[in-house]
Number of protein chains: 2
Amino acid sequence: MTTKTSNTFSRSSLKRLPLYLHLLENLTSQGVTSVSCTQIAKEFDLDPTLVRKDIEMTGEVGTARVGFKIISLISKIKSFLGWDQQQDAFLVGVGNLGKAILGYKDFNKYGLNVVAAFDNSPDKIGTKIFGYQILSSSKFVNLAKRKKVTIGIITVPAVFAQGAADLMVEAGIKAIWNFAPAPLRVPDGIILENARLTQSLAVLTNKLKS
Amino acid sequence: MTTKTSNTFSRSSLKRLPLYLHLLENLTSQGVTSVSCTQIAKEFDLDPTLVRKDIEMTGEVGTARVGFKIISLISKIKSFLGWDQQQDAFLVGVGNLGKAILGYKDFNKYGLNVVAAFDNSPDKIGTKIFGYQILSSSKFVNLAKRKKVTIGIITVPAVFAQGAADLMVEAGIKAIWNFAPAPLRVPDGIILENARLTQSLAVLTNKLKS
DNA sequence: TAGATTGTTAATCGATTAACAATC
DNA sequence: TAGATTGTTAATCGATTAACAATC
């Protein structure tokens, strides 16, 4: 097999990997050392072949009749997701959701290292939240360039979201994790990942109605 | 066309509707009264036919050469998503994320009415957060039954998530919105919607790595 | 009218599932 | 060895896109 140059994987596959990872870590803590696709699949009501293909994507190879070595599989998934090393991130918008993210220390297990938080409100600038000194958004671009920050997190209200995204693009940020319920326009080459709670809620409330 | 008895719609379609809704509301506030699928599609880089099918799902019909009446379309989408009336919800787990949800007043635009919040920690029980009196989890089942609450929101740490879900099922809750990064087991018939931030983050960090 | 857009059917594409030989 | 499981190829399924007649 030749190595693909443009590795683009399906969202669906990518989103299953954290589930597997969680299970694998639980199994490890129980002393289990190997696992089969059949077992993983049963846990999440998936087809074993699907799990096998997801794992294949990470580069891990198994052993017939035995399955996969959990320790090795965990490390392959982490490295495939980029969770084996942390990327520096700046957060813009210290409202309730912004605060929640600042307070969630586990993100560093998921490749994310929030290093600074910004806001426009004079009430917030200068205060400290979960150890983060809140900075004025006007300092964003210079600081992000200087520190070569790669990820921007947007937790501002919808109307300010595009402005925040523009700042991030200007600052040379490579990926934006957007929590604002607004459609953002970013240039080609900038990775944009929307984490819109209302979309998830839409699925729930629609099903509830039926 | 006969009316389907078991209306189950694709997640992908359902998740696009809130995007359309947001745009339509913006257009309305600008005084625009009608819109075509082509316009909507362009806004989100989608195929116009896809948008047309999504809209068809809501039951709205358009006019050839003119498009759709925005006011009517908005109301059809809202009603299709169940956002034209609110469902009562109880939240369990008043950590950072739980607080953020309690503080986000806009959820009532999305069919969700958070009426009470619960926690296990004696430090939190009895305190007030964003106007919500924090109650002991031990009161959850009785209160939820009495008030006929339909939605449960789980914002506890992963290890307590299954316990919270079990409480909710016992209390006769119909749908669970789960923010804990743990796989939950619920009986058939209970709607489970996972809002897992780590899945979204996985897509972002993987792309960043390439 | 002319032509943009709807509504609808057919084609394509990609993800999931099934089948099966190889293997430990 | 026997048989469970991997790795891989083929079939299916569902979502997206293309094609096109009807219509305002």
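**Strand 7 of chain A and DNA strand C**

Biologist: Which backbone atom lies 3.2 Å from a sugar or linking oxygen of DNA strand C?

Modeller: In this predicted model, local features need pLDDT of at least 70, side-chain atom pairs count only at pLDDT 80 or more, and totals for chains, interfaces and linings use all residues. Residues are numbered from 1 along each chain as its sequence is written, chains are lettered from A and ligands numbered from 1 in the order in which they are written, and side-chain values use heavy atoms, leaving out hydrogens and water. The 3.2 Å distance from the sugar or linking oxygen leads to a polar backbone atom of Arg65(B).

Biologist: Which helix gives the most to the surface near DNA strand C?

Modeller: Near means that a heavy atom of the residue lies within 4 Å. Helices are DSSP runs of H or I, at least four residues, and strands are runs of E, at least two, numbered from the N terminus. With four residues, the top contributor is helix 3 of chain B.

Biologist: Are the residues of strand 7 of chain A buried or exposed?

Modeller: Buried means under 20% relative accessible area with a 1.4 Å probe, protein chains only. Ile151(A) and Ile153(A) are on one side of strand 7, with Gly152(A) and Ile154(A) on the other. Both faces are covered, and all of these residues are buried.

Biologist: Which residue of strand 8 of chain A stands opposite Ile154(A)?

Modeller: Strands 7 and 8 of chain A run parallel and are joined by four bridges; pairing takes at least two DSSP bridges. Opposite Ile154(A) stands Asn178(A).

Note on methods. Buried < 20%, exposed > 50% of the residue type's maximum accessible area, 1.4 Å probe, protein only. Polar contact = N/O pair within 3.5 Å; in protein donor to acceptor, adjacent residues only side chain to side chain.
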